[in-house]
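Colleague: I'd like to get to know this protein by asking you things as we look at it. Can you take me through it step by step?

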Amino acid sequence: MTKQNRLSVEALKWTGNALQILDQRKVPERIVYQDFDTAEEVSRAIASMRVRGAPAIGIAAAYGVVLSVRRHAGENAADWRAKVDADIDGLAKSRPTAVNLFWALDRMKKTLDAHPDTPLAAVLAEAEKIHADDIAANRAMGERGADLIGSAKGVLTHCNAGALATGGYGTALSVIRSLYSRRPVQVYAGETRPWLQGARLTVWELSQDGIPATLIADSAAAWLMRSGAVDWVIVGADRIAANGDAANKIGTYALAVLARQHGVKFMVVAPTSTIDWTIADGSRIEIEERDPAELLPACYREQDSLVQAWNPVFDVTPSELIDAIVTETGVVPNPSADGMARLRMS
Ligand SMILES: CSC[C@@H](O)[C@@H](O)C(=O)COP(=O)(O)O
């Protein structure tokens, strides 16, 4: 890898023997990579958010299938494919919202169907291709998004849609990286309660590349926009419907409403692997609800406490609040079903 193409932080690496995953629950205090040898372990790593972010989840699952094939097909067992299919079902249950997970598993299943006699070599090549293609897509999106931004002085991002959420380089953060390589821009990051992807991951990841970022409390976004400091909100997505409705980290919809109120532009940056062409609009997207314990202060966690918590971790931004969807194959301005269909044909 050349210095220019160097990836400063990586969510995961294939070592040739195991899948190495950065434990994002510990970043930035501790940078700990752990080796994973089985598909079940990879499923648990996704469910527990050691690895997170839509494209990174898909890539991790693809390598999970490699680990499953290595384990079961190596035994010469007649029923190896049934065991691999059971592991694939387990991986598919790890998280519900990011469509990249199901897209990657579908590709792995098709690869297995096409190469029944050399499954291990075939699935490894496919997983490595999914990984490499994601990095290339991110770089293409970064340039396209930066072209759109024009002379903006300030941008706000939400959650972590960076190298840590992808194969490398990022989606929303790819635009910020590309922009910053052209000229200085003031970057704001929302802290992203309750899991703090913005506070723990985004500002840290950008600092690793020498890009300064200013952290804000999520509840400061309206006041920041009112001050005129932000020209664009730039976010990633976990699933985009065929009409351009986009599911992303909880709080994204609120930012889109605020952006429209304040005349701030709103950009969604995602690879085409994040588009779910099977659903007409965002109402069909399953929104993950996680353990209330991730939100509740510890003192309220007893079974009989009257204090409870509702913890949806994604929301859906309607396409009419989005000014542009940026993908590796093209940009959809003012997204609609027609504009998305044109992207699909291009
Ligand atoms: C390129 S990442 C896009 C999205 O996956 C990201 O914005 C996001 O919402 C991640 O949620 P997470 O719950 O941290 O997996």
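Colleague: Let's start with Ala 54: buried or exposed?

Modeller: Keep in mind that this is a predicted model, where local features need pLDDT of at least 70, side-chain atom pairs count only at pLDDT 80 or more, and totals for chains, interfaces and linings use all residues. Residues are numbered from 1 along each chain as its sequence is written. A residue is buried if 20 or more other C-beta atoms, placed from the backbone, lie within 10 Å of its own, exposed if 12 or fewer, and partly exposed in between. Ala 54 has 28 C-beta neighbours inside 10 Å, so it counts as buried.

Colleague: And which helix is Ala 54 found in?

Modeller: Helices here are DSSP runs of H or I with at least four residues, strands are runs of E with at least two, and both are numbered from the N terminus. By that count, Ala 54 is in helix 2.

Colleague: Which annotated "active site" residue does Ala 54 touch?

Modeller: Contact means that the C-beta atoms of two residues, placed from the backbone, lie within 7 Å. Leaving aside neighbours within four places in sequence, Ala 54 is in contact with Ala 98, Asn 100, Ala 165, Gly 236, Asp 238 and Thr 274. UniProt's unreviewed entry lists one of these for "active site"; its positions follow the numbering used here, feature names are shortened, and annotations may be inferred rather than shown by experiment. The residue is Asp 238.

Colleague: Where is the place of Asp 238, and why does Asp 238 count as buried?

Modeller: Asp 238 counts as buried because it has 32 C-beta neighbours inside 10 Å. Its contacts include Thr 97, Asn 248 and Phe 314. As for its place, look at the loop between strand 7 (232-235) and strand 8 (239-240).

Colleague: Which strands pair with strand 7?

Modeller: Two strands pair if DSSP finds at least two bridges between them. Strand 4 (residues 154-157) runs parallel to strand 7 and is joined to it by three bridges, with Leu 156 opposite Val 233. On four bridges, also in the parallel sense, strand 7 pairs with another strand, where Trp 232 stands opposite Lys 265. So the partners, going by the bridge definition, are strand 4 and strand 10.

Colleague: How many residues surround the ligand?

Modeller: A residue is near a molecule if its C-beta atom, placed from the backbone, lies within 6 Å of it. The closest are Arg 52, Ala 54, Ala 165, Gly 236 and Lys 249, and UniProt's unreviewed entry has "binding site" on residues including Arg 52, Ala 54 and Lys 249. Ala, Val, Leu, Ile, Met, Phe, Trp, Tyr, Cys and Pro count as nonpolar, Asp, Glu, Lys and Arg as charged, and the others, Gly among them, as polar. The shell has eight nonpolar, six polar and three charged residues, and the number surrounding the ligand is 17.

Colleague: Which domains does that shell draw on?

Modeller: The domain bounds come from an automatic or database domain assignment. Their C-alpha centres lie 25 Å apart, and the shell draws at least three residues from each of domain 1 (12-134) and domain 2 (142-345).

Colleague: Last one: which helix gives the largest share of the side of domain 1 that touches domain 2?

Modeller: The contact takes 19 residues from domain 1 and 22 residues from domain 2. Helix 2 (54-73), helix 4 (99-114) and helix 5 (119-149) each supply at least two residues of that side of domain 1. The largest share, five residues, comes from helix 2.
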